[in-house]
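Reader: I am new to this structure and should like to learn how its features are read. Could we begin with pairs of charged side chains?

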Amino acid sequence: MFPELNNLLNTTPDQVEQGKLTLLCDAKTDGSFLVHHFLSFYLKANCKVCFVALIQSFSHYNIVGQKLGVSLTTARECGQLVFLEGLKSAVDVFFRPQEEPHPLQFLREANSGNLQPLYEFVQEALKPMDSGEAAWRCPVLLVDDLSVLLSLGVGAVAVLDFVHYCRATVCREWKGNVVALVHDSGDAEDEENDILLNGLGHQSHLILRAEGLATGFCKDVHGQLRILWRRSSQPTAQRDRSLTYQYKIQDKNVSFFAKGMSPAVL
Amino acid sequence: MAAAATCSTGTRSTGSMVVAASRNNVTSFQRRGPRTSGTDSGCSRLVSISGTRPSVRNGQLLVSTGLPALDQLLGGGLAVGTVLLIEEDKYNIYSPLLFKYFLAEGIVTGHTLLVASAKEDPADILQELPAPLLDDNCKKECDEDICNHKTESNVKMKIAWRYQLLPKIEARPVSSSRFGHYYDVSKRIPQELIEASKWHGFFLPEKISSTLNEDPCSLNHGYIKLLQFIQNIIYKEGFDGSNPQKKQKNILRIGIQNLGSPLWGDDICWTENCDSNCSLTKFLYMLRGLLRTSLSACIITVPTHLIQNKAIIARVTNLSDTVVGLESFIGSEKETNPLYKDYHGLIHIRQIPQLNNLICDVSDVKDLAFKLKRKLFTIERPPAGNQSLHKENISLFMI
């Protein structure tokens, strides 16, 4: 996790807000550093994490996680992390047809696809243990990323249904959190993606949007991060607070600074 | 990724190398292999596959794309387990060159090739590969300045003449331990190199039968056959580590030409709202899954200028790791632009993957142009146009 981002979001691994849906979104740049941040943050906060990683392999997240101070292999072995490696499972389900329903069963279906097996996988992974002792703080579902589901033939409505079901179970019933990454296609006019993005934007409590700089590529400032807090619980509190920062990604950390205040410029 | 895991443990510290050595009951005092140009001699013997080197940034195993200039722009080379997507230029003149460079590099370094095409027979594609420039002649062909020095070096060794003989004695015609070779586009690759290499061809009209089998998933029939073919080769020859081989590990280089074109049976190039608009993206996803779990690297050329739906182009870009776009000047207004008079087109590095890392090696130079000389394909930064335009302005003023 990045300490500066924790300061900006006013959270620490000791106090974790519960029952929230966080939307990560990137436009014209790569927002995967946010996924690494939340993954290491929730693992350090002693939460039970179910990570649906559809884009990259386990070792990629593991190696970056080690730079950020968490070991995914240890977390997976002791049961804190349930990792669904999308790429490997997709090869399994595609080339060797399975008998029992597989979370990525929609890959073998022709039409818009049904994400119910995936939801059942998440439910199975995060349900609180019956033993009664609270080993982990709260369940967290992390998805990287939802836009790839659209590329795999699942309709935007099916993806929204899936997120809705997960929110109802994980956020509401089990007081956990859901974090999902969606790519913003920008001017590529991807209607399905826009439906998904707008729908999730309405439902989420916190939106982190990583954008490329409007002026183009810069070596010292990699992009701009817009943080939007929505749906605060007290009606009298400020509504929809928004902050914008620029950032630079380094080897093990991301540094944030106010717009135009990059150390390279000052 | 298997390759990254084994390689990163090998290069992370010499301590791990010592541990590995002691496990094999070999003394930890191992003589390092011959120091060849460009290779990192710190790589452990466990992962010494010819034609590869670990990345200096994150220990990722890299292979050369066949063009050393492109390797440099991509941060050292193409990572094993990833896809290089070439967005074809308008008349498909220069993208087959990059495709052939990639395959020729595979032959020279002894990698196994898998060539898939719907247009040409893979055997014909292999016949047209460029000839590699041998070590002795390489510098002479590429750089005319150095030929002046060659006569000097011949004269030098009068007393120690035995040492002069040493570099020329090579067991094979081309040294494969180097990373990145130069090729002569005007010549064809020698027949014996093709015959000595191991390759598999996938020619769509041969593999696809006229009767369509029912397959529930919405993938194009041609794509399904290609995926099954690739998976079969990977599994049978052990590139995914399924059969622990006693012989040395090797890389599988996959080349797929004109993916997404109508010849593959895909309709994204002629209609905007196509029925199976996720066929290509699904194929790319499954391909990524196959590559990440095996020691292979893939090059794909896609005619993105023909794809009607911009959303699909964005999705295809997201599902590929490295994306390079070629824009040739033929038929465009840039052909007459004095700035570009020496060049044949622009090359855009649209995307570089961030694998096992938070950051990626994005080069600062964004405007790059390429030109195809008689023998070489070079990538350069076009000179700033201020000087030439200035002169024209001044001369006009004088008149």
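Author: Side chains of opposite charge can pair when their charged atoms come close. The rule used here for a salt bridge asks for a side-chain nitrogen of Lys or Arg within 4 Å of a carboxyl oxygen of Asp or Glu. In this predicted model, Asp184(B) forms such a bridge with Lys187(B), the closest N and O atoms being 3.4 Å apart. Salt bridges that share partners also join Asp184(A), Arg209(A), Glu211(A) and Arg226(A) into one network.

Reader: On what basis are the values computed and the residues labelled?

Author: The model is predicted, so local features need pLDDT of at least 70 and side-chain atom pairs count only at pLDDT 80 or more, while totals for chains, interfaces and linings use all residues. Residues are numbered from 1 along each chain as its sequence is written, chains are lettered from A and ligands numbered from 1 in the order in which they are written, and side-chain values use heavy atoms, with hydrogens and water left out.

Reader: Are Asp184(B) and Lys187(B) buried or exposed?

Author: Buried means under 20% relative accessible area, exposed over 50%, and partly exposed in between (1.4 Å probe, protein chains only). Asp184(B) is buried because its relative accessible area is 1%, whereas Lys187(B), at 44%, counts as partly exposed. Within the network in chain A, the closest N and O atoms of Arg209(A) and Glu211(A) are 2.8 Å apart. Glu211(A) has a relative accessible area of 12% and is therefore buried; Arg209(A), at 23%, is partly exposed.

Reader: How many salt bridges are there over all chains, and which parts of the chain does the pair Lys67(A) and Asp251(A) link?

Author: The count comes to 16 over all chains. One of them joins Lys67(A) to Asp251(A), with the closest N and O atoms 3.4 Å apart. This pair links distant parts of the chain, 184 residues apart: Lys67(A) is in helix H3 (residues 58-68), and Asp251(A) is in the loop between strand S8 (242-249) and S9 of chain A. Helices (H or I, at least four residues) and strands (E, at least two) are DSSP runs, numbered from the N terminus.

Reader: How should one read the interface of chain B and chain A?

Author: The size of an interface is often given as the accessible area lost when the parts come together. Here the buried area (1.4 Å probe, summed over both parts) is about 3500 Å², of which carbon and sulfur atoms give 62%. Contact, meaning heavy atoms within 4.5 Å, involves 36 residues of chain B and 46 residues of chain A. The rule finds one salt bridge across this interface, in which the side chains of Arg315(B) and Asp190(A) meet at 2.9 Å, N to O. Helix H11 (221-236), helix H12 (279-292) and helix H13 (310-319) of chain B each supply at least two residues of the side that touches chain A. H12(B) gives the most to that side, with eight residues.

Reader: What can be said of the shape of helix H8 in chain A?

Author: A bend at a residue is the angle between axes fitted to the seven residues ending there and the seven starting there. H8(A) bends by about 30° at Arg167(A). Among the buried residues of H8(A) are Phe162(A), Cys166(A) and Arg167(A). Just after H8(A), Lys175(A) takes a positive phi of about 55°.

Key:
Buried area is the accessible area (1.4 Å probe) that two parts lose on being put together, summed over both.
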